[in-house]
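This report covers chain content, nonpolar cores and one helix-helix contact. The structure is shown first.

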Amino acid sequence: MTPEQLDERTRHLSEKARGIAQRESVRWAGIAVYGLVTVGLAWGGILLILHLLQQPRNKCPDTSNLLPDPAMILVGLGAILLGRFLGHLRYRDSWEKTDVGARRASSSLGRVAFLLFLGLCTFALIYEALGEQQITVSPTPSFPGLAPITEYSRCAVYYDKLGGGPGWTVYAVVIALCTLVGHWLWSYHPPRDFGDQDGGSTPTGQGRGVDAATAEPVVQPQGGHA
Amino acid sequence: VIDQTNFQHGTYADGMAFVVAVVVAAFVTISLLDLVCAIKGWPSVGYRVRRWSRKNPFYVVGLLLVLMMLLVHIVGNHIMYSETHN
């Protein structure tokens, strides 16, 4: 190899290393933001719970026509459609690792998430059953008994609209939940098939951005079409 | 028929705190699992759900119907449904 060829190869390798380092730094910056959002979500939830527990135990009278609100239902339907087509703005189907071990681990995490979700649903349904029966250990004027979850949810809508507004917080919650549902359950973009989730077969390498020979995915930036 | 007396005497703060705790716990858990996937470079939880939904369209239709019914049930009724309609 001539010195010129050696220089060219060195330059090429250092450029490649710089590119990898740049991609890694962008990835870790994204992870840091994601972590902050997760911590913020937990922190916000704790603050909201503490705030609610400090509130006086007022009743929630139905003296107005604040509910039903058909507009919220229409907005929810629209948000599901928005979630379906959200992939046009943000979609990602390439990952740093898609080997058998990574797929198996990711699949296990998905199962854990599903298990926890079902556990929470069961917990909520048990509470709903207790609420329907107005269960209380020792009824007092300050804590007479439980009520169904739907009654509390409607009461939250009532308090949100009490100031005369349309209920911005409720709209935000409806939009966020329905968008997520539409994006996850009714996504416009088909997810790429990396092969069997449990690692029973090798990756096909037929998806965009995957080197078919090595089955090594090419990391694509977020924010564009996959 | 639900006896609204209990509710009117006020367990809203406690009950709503419970609802918020369940919802936030679900989302924080999903976020944490997704964060693990992001750190490890594994396909995300959302990818898993989307992949499942593509393979099980009938279940997805059922789930969407249930979720929409829940939304309509909550915001499509009067606040004190039983008191208003009984």
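A residue counts as buried when its relative accessible area is under 20%. By that cut-off, 51% of the 86 residues of chain B are buried. The model is predicted. The accessible surface of chain B is about 4,100 Å², and carbon and sulfur atoms account for 71% of that area. Chain B has five helices and zero strands, giving the pattern α-α-α-α-α along the sequence.

The largest nonpolar core contains 37 residues, and those with the most contacts inside it are A:Tyr152, B:Met16 and B:Val75. Each helix in the table supplies at least two residues of this core.

| Helix | Chain | Residues |
|---|---|---|
| Helix 1 | A | 3-53 |
| Helix 2 | A | 70-85 |
| Helix 3 | A | 100-132 |
| Helix 4 | A | 149-161 |
| Helix 5 | A | 168-185 |
| Helix 2 | B | 12-40 |
| Helix 4 | B | 57-75 |

Helix 2 of chain B gives the most to this core, with nine residues. Another core, of eight residues, lies apart from it and includes A:Ala102, A:Ala113, B:Leu33 and B:Cys37.

Within chain B, helix 3 (residues 45-55) packs against helix 4 with an angle of about 110° and axes 5 Å apart. Angles of 65 to 115 degrees count as roughly perpendicular, so helix 3 of chain B and helix 4 of chain B are described as roughly perpendicular to each other. On the helix 3 side of chain B, the contact involves B:Trp52, B:Ser53, B:Arg54 and B:Lys55. These meet B:Pro57, B:Tyr59, B:Val60 and B:Leu63 in helix 4 of chain B. The residues of this contact divide into five nonpolar, one polar and two charged.

How values were computed: Residues are numbered from 1 along each chain as its sequence is written. Chains are lettered from A and ligands numbered from 1 in the order in which they are written. This is a predicted model: local features need pLDDT of at least 70, side-chain atom pairs count only at pLDDT 80 or more; totals for chains, interfaces and linings use all residues. Side-chain values use heavy atoms; hydrogens and water are left out. A nonpolar core is a set of buried Ala, Val, Leu, Ile, Met, Phe, Trp, Tyr and Cys residues joined through side-chain atoms within 4.5 Å. Buried means under 20% relative accessible area, exposed over 50%, partly exposed in between (1.4 Å probe, protein chains only). Helices (H or I, at least four residues) and strands (E, at least two) are DSSP runs, numbered from the N terminus. Axes are lines fitted to C-alpha atoms, for helices over the stretch in contact, and angles run from 0 to 180 degrees between N-to-C directions. Angles under 35 degrees count as roughly parallel, over 145 as roughly antiparallel, 65 to 115 as roughly perpendicular and the rest as oblique. Contact means heavy atoms within 4.5 Å. Ala, Val, Leu, Ile, Met, Phe, Trp, Tyr, Cys and Pro count as nonpolar, Asp, Glu, Lys and Arg as charged, and the others, Gly among them, as polar. Accessible areas come from the Shrake-Rupley method with a 1.4 Å probe; for residues, only the protein chains shown count as cover.
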